[in-house]
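Subject: Structure handover

Dear colleague,

Here is the structure I said I would pass on. My notes on it follow below.

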Amino acid sequence: MVGDDTHDFQGAGFFGPAFRVHFMDKLTLQTGIGIGANGLYERYEESGTDYVRSIFNFGVGADAGLKFDITDTFFIKGGVNVAWSFLGVTNISENDRHSRNWGETDKNFMDNWTLTANPYISFGVNIYSPKREIPHPHGPRFGKPPREEAAQ
């Protein structure tokens, strides 16, 4: 946190392949790896002056989590997201609404890399759509799909 009165927005996303490993009917390891980006937009005050800081980082990341189906409809998942950002652009400027001062831009390549690990716990709802050539009239449903042995 910089300054006294911080207002910020952070976001991140990754794109790449994902994998599932079924241990049991109710327990699954879900993993993924890919390239991604994260960013920060922040307004803050320091020594009576308003500033705007924007940061955009590019890098690689991975996710691994264990998903446990409490019922066919509800699940709990715990895991960790890991990201390594190695290319970044930072812009800091005074927040003067009457001028177009964009401040100084700092481009870094391997000078200021970051490694982050974000553990998480989530609760969710399983949703599936039946695989049919003609769209199903009722659309997606909650819960896991019916088991094949139960359908026979």
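**Salt bridges**

Both K77 and D63 are buried. These two residues form a salt bridge, in which the closest N and O atoms lie 4.0 Å apart. The pair joins distant parts of the chain, since K77 belongs to strand β5 and D63 to strand β4, with their positions 14 residues apart. Please keep in mind that this is a predicted model.

How many salt bridges does the structure hold? There are two. K67 and D69 make up a salt bridge as well, and here the closest N and O atoms are 3.6 Å apart. K67 has a relative accessible area of 13%, and because the limit for buried is under 20%, K67 counts as buried. D69 is buried too, because its relative accessible area is 2%. As a general point, side chains of opposite charge can pair when their charged atoms come close.

**Overall layout**

The protein chain contains eight strands and one helix. Read from the N terminus, the order of elements is β-β-β-β-β-β-β-β-α. The chain has 152 residues, and buried residues account for 22% of them.

**The cavity**

Searching the whole structure for cavities of 30 Å³ or more gives one. The volume of the largest cavity is about 40 Å³.

Which residues line the largest cavity? The lining consists of F14, G36, A37, N38, N57, F58, G59, V60, A83, W84 and S85. Sorted by class, six of the lining residues are nonpolar and five are polar, while none is charged. Glycine is placed in the polar class in this count.

Three strands each contribute at least two residues to this lining: β3 (27-46), β4 (49-69) and β5 (74-94). Of the elements, β4 contributes the most, with four residues.

**The nonpolar patch**

On the surface there is a nonpolar patch of about 1100 Å². The residues that make the patch are F15, I35, F56, F58, V60, V80, V82, W84, L87, V89, W113 and L115. Strands β4, β5 and β6 (104-125) are the elements that give two or more residues to the patch. Which element gives the most to the nonpolar patch? That is β5, with five residues.

F58, V60 and W84 appear in the cavity lining and also in the patch.

L115, one of the patch residues, is in strand β6. Is L115 buried or exposed? L115 has 58% relative accessibility, and because exposed means over 50%, L115 counts as exposed.

**Single residues and their distant partners**

I also looked at some residues together with a partner elsewhere in the sequence. I list them by strand.

- *Strand β3.* G32 is located in strand β3. G32 counts as buried because its relative accessibility is 18%. G32 and G65 are 33 residues apart along the chain, and 9.4 Å separates their C-alpha atoms.
- *Strand β4.* F68 sits in strand β4. With 37% relative accessibility, F68 counts as partly exposed. Its C-alpha atom is 9.4 Å from that of M24, the two residues being 44 apart along the chain.
- *Strand β5.* I92 is part of strand β5. I92 counts as partly exposed because its relative accessibility is 36%. Between the C-alpha atoms of I92 and R53 the separation is 4.4 Å, although these residues are 39 residues apart along the chain.
- *Strand β6.* Y120 is placed in strand β6. Is Y120 buried or partly exposed? Y120 has 21% relative accessibility, and because buried means under 20%, Y120 counts as partly exposed. Y120 and N81 are 39 residues apart in sequence, with a C-alpha to C-alpha distance of 8.0 Å.

**In brief**

For your files, the main items are these. The structure has two salt bridges. The search for cavities of 30 Å³ or more finds one, and β4 supplies the most residues to the lining of the largest cavity. The nonpolar patch covers about 1100 Å², and β5 supplies the most residues to that patch.

Regards

Terms used:
Residues numbered from 1 in each chain as written. Predicted model: local features only at pLDDT ≥ 70, side-chain atom pairs only at ≥ 80, totals over all residues. Heavy atoms only, no water. 1 Å grid on protein atoms, 1.4 Å probe; cavity = no way out; pocket = protein on both sides within 12 Å on 5 of 7 lines; lining within 4 Å. Points joined across faces, edges and corners; volume = space filled by probe spheres on them. Patch = residues over 30% accessible without salt bridge, like charges linked within 9 Å, V, L, I, M, F, W, Y side chains within 5 Å. Areas by Shrake-Rupley, 256 points an atom, 1.4 Å probe, with all protein chains shown as cover. Salt bridge = Lys/Arg side-chain N within 4 Å of Asp/Glu carboxyl O. Buried < 20%, exposed > 50% of the residue type's maximum accessible area, 1.4 Å probe, protein only.
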